[in-house]
Amino acid sequence: MNIQEAQEEIINEFKNFDNWMDRDNELIKLGKELPPIDSKYKTEDNLIKACQVKTWFHSTFKDGKVFYDIDSSSTIIRGIIALLIKVLSGQKPADIKNADLYFIDKIGLREDFSPIRANSLWKLVNKIKSDVAKYEQ
Amino acid sequence: MDYGTTKLIATDGLRLYGRAENKTCIFSFLLDNIHSYDVGMFLDKMSIAVRVGHHCTQPLWDHYKVEGSVRASLAFYNTFEEIDYFCEALKKIQKMFK
């Protein structure tokens with residue numbers, strides 16, 4: 001599945017939620033289902049800087065594709081991580097870097113989040129995008 | 001403050017931090033294992049304003065080995081009904097995370 005297909009799948013799924021509580025219940029469900037990362041990746045170095053909630057980030061590169069181990073102490077942020085992993089994990093560095101993550105607006109995450117929460121979301125997206133530089137040839 | 005304390009300590013899964021006799025009317029707490037930012041986000045959506053996180057007292061939260069708390073501050077204009085609404089909102093949030 002490419003980045004666009006994964007985003008369309010998420011948008012279609014979230015279309016069924018017509019109020020914030022149903023939408024956020026889904027985020028909580030996704031957050032609970034996201035497997036925790038190996039504790040060896042939960043280091044100070046892997047914490048995303050200036051993120052209000054503790055969020056650990058680690059990536060690996062295999063066969064020209066980037067894979068993510070991301071975790072957070074917040075269930076809502078874990079739900080968002082699950083969505084970002086679905087869209088971006090296993091994709092090529094250039095595709096990740098150039099991805100237009102329009103699903104974030106389409107499912108109403110940006111408009112519904114407080115500035116602090118939105119900041120955490122964009123810190124995470126920026127970290128994913130800037131991280132791929134080390135894998136680009 | 002007595003009314004709020006009684007109501008809050010009766011809420012299953014709520015840990016209230018700070019029970020000093022002469023404290024001001026603030027309630028610092030954690031709800032189940034839900035992150036304080038998650039609780040704050042949902043209270044905000046239910047029109048309840050609280051502060052979340054470290055409240056600039058990181059060493060204190062390091063001591064308790066938690067990432068921070070939710071903090072509700074009440075003033076002379078808050079009513080008993082608002083405290084009831086606040087406690088009901090907390091129960092709704094708990095239900096969402098169950």
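A salt bridge here is a side-chain nitrogen of Lys or Arg within 4 Å of a carboxyl oxygen of Asp or Glu. With that rule in hand, keep in mind that the model on screen is predicted, and start where chain A and chain B meet.

Select A:Asp24 and B:Lys45 together: their side chains meet in a salt bridge, with 2.4 Å from N to O, and across the interface of chain A and chain B the rule finds one such bridge. If polar contacts are displayed as well, the count between chain A and chain B is eight residue pairs, both partners being at pLDDT 80 or more.

Next, colour the chain A side of the interface by element, and note that helix H2 (20-33), helix H3 (75-88) and helix H7 (115-131) of chain A each supply at least two of the residues that touch chain B. The largest share, seven residues, comes from H2(A). Recolouring that side of chain A by class gives seven nonpolar, five polar and six charged residues.

Now widen the selection to the whole contact, which takes 18 residues from chain A and eleven residues from chain B. The area buried between chain A and chain B is about 1,400 Å², and carbon and sulfur atoms give 61% of that area. On the chain A side, pick out A:Trp20, A:Ile28 and A:Arg117, the residues that lose the most area to chain B, together 31% of what that side buries.

Moving across to chain B, select helix H2 (residues 36-45), where nine of the ten residues are buried, so that this helix is largely enclosed by the rest of the structure. Among the buried residues of H2(B) are B:Tyr37, B:Met41, B:Phe42 and B:Leu43, and B:Lys45 also belongs to that list. Just beyond, look at the backbone of B:Ser47, which follows H2(B) and has a positive phi, near 65°.

Finally, hide chain B and show chain A alone as a cartoon. Seven helices and two strands make up its elements, and from the N terminus on they run α-α-β-β-α-α-α-α-α. The radius of gyration of chain A is 14 Å, close to the 14 Å that the globule rule gives for 137 residues, so chain A is as compact as a globular protein of that length. Along its principal axes the C-alpha trace of chain A spans about 45 × 30 × 25 Å. Colouring by burial shows that buried residues make up 48% of the 137 residues in chain A, while in a contact map of chain A, among contacts between residues at least 6 apart in sequence, 64% join residues at least 24 apart.

How values were computed
Residues are numbered from 1 along each chain as its sequence is written. Chains are lettered from A and ligands numbered from 1 in the order in which they are written. This is a predicted model: local features need pLDDT of at least 70, side-chain atom pairs count only at pLDDT 80 or more; totals for chains, interfaces and linings use all residues. Side-chain values use heavy atoms; hydrogens and water are left out. Contact means heavy atoms within 4.5 Å. Buried area is the accessible area (1.4 Å probe) that two parts lose on being put together, summed over both. A polar contact is a pair of N or O atoms within 3.5 Å; within protein, one must be able to donate a hydrogen and the other to accept it, and residues adjacent in sequence count only if both atoms are side-chain atoms. Helices (H or I, at least four residues) and strands (E, at least two) are DSSP runs, numbered from the N terminus. Ala, Val, Leu, Ile, Met, Phe, Trp, Tyr, Cys and Pro count as nonpolar, Asp, Glu, Lys and Arg as charged, and the others, Gly among them, as polar. The radius of gyration is taken over C-alpha atoms; the globule rule is 2.2 Å times the number of residues to the power 0.38. Buried means under 20% relative accessible area, exposed over 50%, partly exposed in between (1.4 Å probe, protein chains only).
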